[in-house]
Every structure is written in C-alpha cells, then in structure tokens.
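These are my notebook entries on a structure that I had not examined before. I set down what I looked up, one topic at a time.

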Amino acid sequence: MSENKQFECQTEIHNRLLQVNLSHSNQHQFGDYQFSGCNAFYDGKSIDCENRGSTYAPVIAQIYEVKNLDLTASELRSLQQQYWGINLLSQLGEVRLFWISSGLSVAAGLIAASFTWQCPNKLTKIFSSLFCGFGASQSVGGVVWHLPFDGVIAYGIAPSTLILIVIAISIISGIVIAITTLFLLARRTDPMLTALLGFGSGLGVFGLSRQVLSWKVREILDFIRLTFGLETSTMSPSILQALIIAVALALAIAAATLLWSRTNRSIKSFMLLSNGFGSVAVVSSFFVLLLLGLGYAD
C-alpha cells in the first residue's frame, strides 16, 4: 500500500465541470476517514477548497467547502433547491433532529390521548388493543431474550434459529394480547376472567410506558445538562432504571384495574393510557428507524 493516495470526484454544475482532488495519508490516526489535502477546479480554473472539520452523521466524513465558483444568485438558488434535503439535514444537525423527533412523538401522544378522551369509539378501542399488543410483544421479547439459552444451543439449535423463535414468541404474544384486550373493551365478562385477561393488557401498558419513560427521561436529563449546565450524569443508572420500572409497573396496575372496573370513565382512562403511551412509543420507534437509515442513530 502506498504512503499517499489520490482520490478524484467530479460533477457538472450548470454545464461546467467541478473537479475535486483529495489526498489521503496513511499517517493520519483514523485512516480512511481523514484526508491530508484538497485541490479543486471549476471550469478548468483553480478554486479554494477548505477543510471545515469532521462529521459523524449521516456518515463519518470530513467536510470540505469549495468557494469562488462565481455563480450568479439565480444559479446558486437553483443549486440549493436541487440539494435541499441534504442541506436541510446539515443545517438542522444531529442534536436538533433528535429533539424534533422527540417533540413530534410527544405531540402525537398528547393528540391521541386527547382524541381518545373526547371521542371514544370503536377506532380508539382498536388502536388501544393494537398498542397493548405492541407493548406486550416488547415486554415478552425482552424477557425471553434474556433467558439462559446455553443449554438449548447445546442441543444443536443454531443461534439464528433461536433468534427467529424469540421473534415468533414476541409476535404471537402481542397478537394474543391485542385480541384479548379488544375482547375486554368490546363486552362485559366475568370479573375473574376480566382480571386474568387484564393482566396481559396491563403487561402491554407496562411495555409501552417503560419504553417511553426510558427514552424521554434520558432526553430530559440531557436537555437539563446541555441547557442549564447542571450535572445529571451523577445519578446512578441502576437507580434511574429502577424508578422507571416502578412507575411503569404502577401504570400497568392502574391500567389493569381500570379495565377490570368496567365503567365508562375507567374504560376511557384505560384507552387514554394505552393510546397516549402507545402513540409516543410507535412514533418514537418510527423516528429511530428513520434516523438509523439516515445514519444519525446507532
């Protein structure tokens, strides 16, 4: 491998060729992610190419800015409109994108909870059941995943097969609890049966609230630290996790009790909990997957 390498990239801007030559040195600490120099040419003329630092999202890279292209105002606007997406992401930055996604997920939860309380109907019952199923699948999957599987693997079950089994158990559990929750919301049943089936619905609310609280509490602590300069990292992670589990467990017991009480107000309150936390959890998961796809989360 040679000591230095040259990389060339080029594109056309308004029918004129922009050519950028980057020099790579193996002496740099991060190897493939760092360059030692940049030369740029536009329409055959040498132009400035300045190193503007590094970025870690959407990919690990160095940023170089080419200047003095001598574009007119209309040509520059046209170029900016062509790449509006990447320009917007760059201007917002990683931290701001996370705060926007967090704010939108909380707003979705508040809207869902408000709509559920004001207009309870068959649709809100269906979504409440689906959210409980989603939360239960998360809880069951988390428990099953942490079981000791060394003995099972010793019997010749491949790890990839084991992963599929865990996923299947989680999905089946979620479907069963979604159906039983919808059944309990649709009709009055024997109190003992309601209490038994309501345990699964409470498990769903536990999974939803634990997921939401785990994400949002940490985001709030980060916001306090960054905005007010208060040190929040001194709080023990194990104590924080125990508090989150305790609150989620209290909400799960409350949800199961509300479902067992079977009054109009208690049913509305149960759906408010499940739809509110469920909307935050699902929208947050969507944004996490979106940001993962863009390279902004790991």
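**Entry 1: the loop residue D70**

I began with D70, which at 71% relative accessibility counts as exposed. The cut-off for that class is over 50%, so the label follows from the value. I noted that the model is a predicted one. I then looked up where D70 sits, and found D70 in the loop between β6 (61–66) and α1 (73–82). The backbone of D70 also drew my attention: its phi is near 55°, a positive value in a residue other than glycine. I recorded this value because most residues other than glycine have a negative phi.

**Entry 2: a second positive phi**

I next turned to D43, which lies in the loop between β3 and β4 (45–47). Phi of D43 is also positive, near 55°, and D43 is not a glycine. Is D43 buried, partly exposed or exposed? I found a relative accessibility of 45%, so D43 counts as partly exposed.

**Entry 3: the chain as a whole**

I then stepped back to the overall layout. I counted eight helices and six strands in the protein chain. Read from the N terminus, the order of the elements is β-β-β-β-β-β-α-α-α-α-α-α-α-α. The protein chain has 298 residues, of which 34% count as buried. I also looked up how contacts are spread along the sequence. Among contacts between residues at least 6 apart in sequence, 61% join residues at least 24 apart.

**Entry 4: the disulfide**

How many disulfides does the structure hold? I found one. It is formed by C38 and C49, whose sulfur atoms are 1.8 Å apart. I placed C38 in strand β3 (residues 37–42) and C49 in strand β5 (residues 49–55), so the pair ties together parts that are eleven residues apart in sequence. Why is the disulfide of C38 and C49 described as right-handed? The torsion about its S-S bond is about 80°, and the disulfide is therefore right-handed.

I checked the accessibility of both partners. C38 has a relative accessible area of 14% and is buried. C49 also counts as buried, at 15% relative accessibility; the limit for this class is under 20%.

I added two further cysteines to the entry. C119 counts as partly exposed, at 36% relative accessibility. C132, at 0% relative accessibility, counts as buried.

**Entry 5: helices α3 and α5**

I looked up how helix α3 (residues 122–145) packs with helix α5 (residues 159–186). Their angle is about 145°, and their axes are 7 Å apart. I gave both values because two packed helices are described by the angle between their axes and the distance between the axes. The crossing of α3 and α5 is right-handed. I sorted the residues of this contact by class and obtained 14 nonpolar, nine polar and one charged.

**Entry 6: two alanines of α5**

I followed helix α5 through two of its residues, starting with A178. A178 is buried, with a relative accessible area of 12%. Which residues does A178 touch, not counting those up to four places away in sequence? I found S129, L130 and G133. I also looked up the separation of A178 from G135, which is 43 residues away along the chain; their C-alpha atoms are separated by 9.6 Å.

A168 lies in helix α5 too. At 32% relative accessibility, A168 counts as partly exposed. For A168 and G141, 27 residues apart along the chain, I noted a C-alpha separation of 9.1 Å.

**Entry 7: helix α8 and S269**

My last entry concerns helix α8. I counted 31 residues in α8, which reaches 44 Å from its first C-alpha to its last, close to the 45 Å expected at 1.5 Å a residue. G295 follows α8 and has a positive phi, near 90°.

Within α8 (residues 264–294) I examined S269. Is S269 buried or exposed? S269 has a relative accessible area of 18% and is buried. Leaving aside its neighbours within four places in sequence, I found S269 in contact with W117 and L258.

Technical notes. Residues numbered from 1 in each chain as written. Predicted model: local features only at pLDDT ≥ 70, side-chain atom pairs only at ≥ 80, totals over all residues. Heavy atoms only, no water. Helix = DSSP H or I, 4+ residues; strand = E, 2+ residues; numbered from the N terminus. Buried < 20%, exposed > 50% of the residue type's maximum accessible area, 1.4 Å probe, protein only. Contact = heavy atoms within 4.5 Å. Axes fitted to C-alpha atoms, helices over the stretch in contact; angles between N-to-C directions. Left-handed = near helix turned anticlockwise from the far one by under 90°. Nonpolar A, V, L, I, M, F, W, Y, C, P; charged D, E, K, R; others polar. Disulfide = S-S within 2.5 Å. Expected span 1.5 Å × (residues − 1).
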